[in-house]
Every structure is written in structure tokens, then in C-alpha cells.
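Please look through the sequence and the 3D structure shown here before reading the short report that comes after them.

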Amino acid sequence: MALEAKFKVQGKSLDEKDADGFTPRQKFFLSWANGWCRNTRPESLRVQVLTNPHSIARLRVNNVVSNMPEFQDGFACKAGAAMVRADRCRVW
């Protein structure tokens, strides 16, 4: 929401493609996902799930953005797609 407000003040859109073919909205989600990108062995995931109260990296990305209409709009996901929840949870 803050990025969208900043772009609006500047007279820009989050949904216009840049030279690389991605929109600023898409780049926001891609950079966020990249920050959580991990290769973790199944044994390590098991230990983490059993001992760590925090979600594993994949769920920290996929479970969050699948609740966000901004993600759905940014990537033109259709209703019923894997990354679109029918029963969304919205806090803010």
C-alpha cells in the first residue's frame, strides 16, 4: 500500500511494464519471494517443523500472497488458480 501511494504521488502506475517486461507490482512480489528462496533438505525441513515455531520459507511466501488480491491482480491469476484462495484472510 505504501509503494502504491508513493507511485500515485509521483504520477506513476504499479501496473505499467518496465523495459524488462515486469511491472513494479510484480517486481515487488518477486523480490520478496527471492528473499525467502531456499533449498532445504527434507530432513532439515522436518527438524524445523518440529522445533521452530515459525513457518518454513515456502509457506512464508505462498501462504501470504495467495491471500492478497494485489498478487492476483499483479500476475493476472484467475479464480481457482493454485495461488488464489477462495477464502482469503485479510488483516489490514
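The report below treats charged side chains that pair, and then one residue with an unusual backbone angle.

## The model and its salt bridges

The structure is a predicted model, and a search through the whole of it finds four salt bridges. As general background, side chains of opposite charge can pair when their charged atoms come close. Three of the pairs are described below, among them two that share an arginine, Arg25.

## A network around Arg25

Glu4 forms a salt bridge with Arg25, and the closest N and O atoms of this pair are 3.6 Å apart. Glu4 belongs to helix α1, which covers residues 2-9, while Arg25 belongs to helix α2, which covers residues 24-35, so the pair ties together parts of the chain that are 21 residues apart in sequence. With a relative accessibility of 40%, Glu4 counts as partly exposed, whereas Arg25 is buried because its relative accessible area is 11%, and buried here means a value under 20%.

Arg25 also meets the side chain of Asp15 in a salt bridge, with an N to O distance of 2.7 Å. This second pair links distant parts of the chain, since Asp15 sits in the loop between α1 and α2 and Arg25 sits in helix α2, ten residues apart. Asp15 is partly exposed, having a relative accessible area of 43%. Taken together, Glu4, Asp15 and Arg25 are linked in a network of salt bridges.

## The pair Asp18 and Lys27

Another salt bridge is formed where the side chains of Asp18 and Lys27 meet, and the N to O distance given for this pair is 2.7 Å. How accessible are the two partners, Asp18 and Lys27? Asp18 has a relative accessibility of 34% and therefore counts as partly exposed, and Lys27, with a relative accessibility of 30%, also counts as partly exposed.

## An unusual backbone angle at Ala76

Most residues other than glycine have a negative phi. Against that background, Ala76 deserves a careful look, as this residue has a positive phi of about 50 degrees although it is not a glycine.

Where in the chain is Ala76 found? Ala76 is found in the segment that comes after helix α5, a helix made up of residues 69-74. Ala76 is exposed, because its relative accessible area is 59% and the term exposed applies to values over 50%.

Definitions and conventions
Residues numbered from 1 in each chain as written. Predicted model: local features only at pLDDT ≥ 70, side-chain atom pairs only at ≥ 80, totals over all residues. Heavy atoms only, no water. Helix = DSSP H or I, 4+ residues; strand = E, 2+ residues; numbered from the N terminus. Buried < 20%, exposed > 50% of the residue type's maximum accessible area, 1.4 Å probe, protein only.
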